[in-house]
Amino acid sequence: MGLMSRTSNVVRAWISKLLDRAEDPSVTLDYSYERQRESLQKVKKGIADVVTAKKRLELQTQKLEVELPKLDEQARQALSAGREDLARAALERKAFAQQQLQGLDQQIEGLEQQQEKLAASEKRLAAKVEAFRTQKETIKAQYSAAEAQVRIGEAATGIGEEMADTGLAIERARDKTEQMQARAAAVDELVESGTLEDYTSTGTELDRELAQISATRQVDDELARLKGELESGGAQKELEAERRK
Amino acid sequence: MIVRLMGEGQYRLPDDVVSRLNELDDEAQAAVEANDEPKLDAALDEMWELVRSSGERLPDDDLSASDAVVPPSDMTLEETKRFLDTEGLIPDLS
């Protein structure tokens, strides 16, 4: 048996499982139509889920893009303070952030493709559901019971195929979305557990060290100023003492 | 005959290309059995290309059932196997 026959079998088995639930042929039409509308709702929800996942990744992208110039500035500050080690740490984080950004771009593109596929599925299914609705009324009004049953079977199979097709598209989009959510969550977890430094939050180790440097500088400056004052004060006193003599 | 490309839609295919489609179909099936993913991809890509270029697209509101159904060409070997499995990849509507 070829791949096409096996695929047809999978689709036909799915359709008969769907239609077997309506045992009375007279309710098959309405039952099928009801399932079709559910199928349309599912594909709409599938699209909404993909859009939500995409937005989350876009937000991460924005955060990282804000972070890049900050890391550059930190590296510059560290270097001017003679701390090459800190400058290196900042640039390492910048490289990591850039890697993440590239990955995010690809993932967003992947989700966009899923969104387009689902939107095309929805359009096809909606057109068939509408055609089925019209045909359903015609069949009910114009055909004898036996004839109607044949036509019902044909139309239900035709549209059942589209529903199975849509079902597969939804499932694949869900798989892809879940994989990306899991990856995003894993990065968040690493960040939270401290394995990676959180490049999106303030007050990191690098920030603290840089703050330390600038505090040390300030203390040094003030010490120098005080020393200067003391020295000139001391000189003044010596002068005054000299004058009194 | 009417052929459905899963994820894309249905086409009416002239009789003279059906035998070529069947040949490719056998290659695809052999590739699945041999766990040969590149060969499966190549066979499916060619099937899709053949149906798209020789077939006539049915309108979206056509309710005809298909005579043959071609699986998506962008699934991995593992996905294709899961899809063809009795459990299936297509979720129940309930």
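Tutor: Let's begin with the term itself: a salt bridge is a side-chain nitrogen of Lys or Arg within 4 Å of a carboxyl oxygen of Asp or Glu. Keep in mind that this is a predicted model.

Student: Why is the pair of Glu112(A) and Lys54(A) called a salt bridge?

Tutor: The closest N and O atoms of Glu112(A) and Lys54(A) are 3.6 Å apart. The cut-off is 4 Å, so the pair qualifies. Glu112(A) sits in helix 3 (residues 84-142) of chain A and Lys54(A) in helix 2 (residues 25-80), 58 residues apart, so the pair links distant parts of the chain.

Student: What makes Lys54(A) buried?

Tutor: Its relative accessible area is 12%, and buried means under 20%. Therefore Lys54(A) counts as buried. Glu112(A), at 33%, counts as partly exposed, because that class runs between 20% and 50%.

Student: Which partner does Lys136(A) have, and how do you know that the two form a salt bridge?

Tutor: The partner is Glu137(A), with the closest N and O atoms 3.4 Å apart. That is within 4 Å, so the rule is met. Lys136(A) is buried at 7%, while Glu137(A) is partly exposed at 40%.

Student: What makes the salt bridge of Arg172(A) and Asp74(B) a link between chains?

Tutor: Arg172(A) lies in helix 4 (residues 145-193) of chain A and Asp74(B) in the loop between strand 4 (68-70) and helix 3 (77-84) of chain B, so the pair joins two chains. The closest N and O atoms of Arg172(A) and Asp74(B) are 2.9 Å apart, and the limit is 4 Å, so this is a salt bridge. Arg172(A) also meets Glu79(B) in a salt bridge, at 3.4 Å from N to O.

Student: Why is Arg172(A) called buried, and which class does Asp74(B) fall into?

Tutor: Arg172(A) has a relative accessible area of 9%, and the limit for buried is under 20%, so the label fits. Asp74(B), at 40%, is partly exposed.

Student: How many salt bridges does the rule find across the interface of chain A and chain B?

Tutor: It finds eight across that interface, and the count over all chains comes to 31.

Student: How much area is buried between chain A and chain B, and what part of chain A gives the most residues?

Tutor: About 3600 Å² is buried, with carbon and sulfur atoms giving 56%. The contact takes 40 residues from chain A and 43 from chain B. There are also 19 residue pairs in polar contact across the interface. On the side of chain A that touches chain B, helix 4 gives the most, with 15 residues.

How values were computed
Residues numbered from 1 in each chain as written. Chains lettered and ligands numbered in written order. Predicted model: local features only at pLDDT ≥ 70, side-chain atom pairs only at ≥ 80, totals over all residues. Heavy atoms only, no water. Helix = DSSP H or I, 4+ residues; strand = E, 2+ residues; numbered from the N terminus. Buried < 20%, exposed > 50% of the residue type's maximum accessible area, 1.4 Å probe, protein only. Contact = heavy atoms within 4.5 Å. Buried area = accessible area lost by both parts, 1.4 Å probe. Polar contact = N/O pair within 3.5 Å; in protein donor to acceptor, adjacent residues only side chain to side chain.
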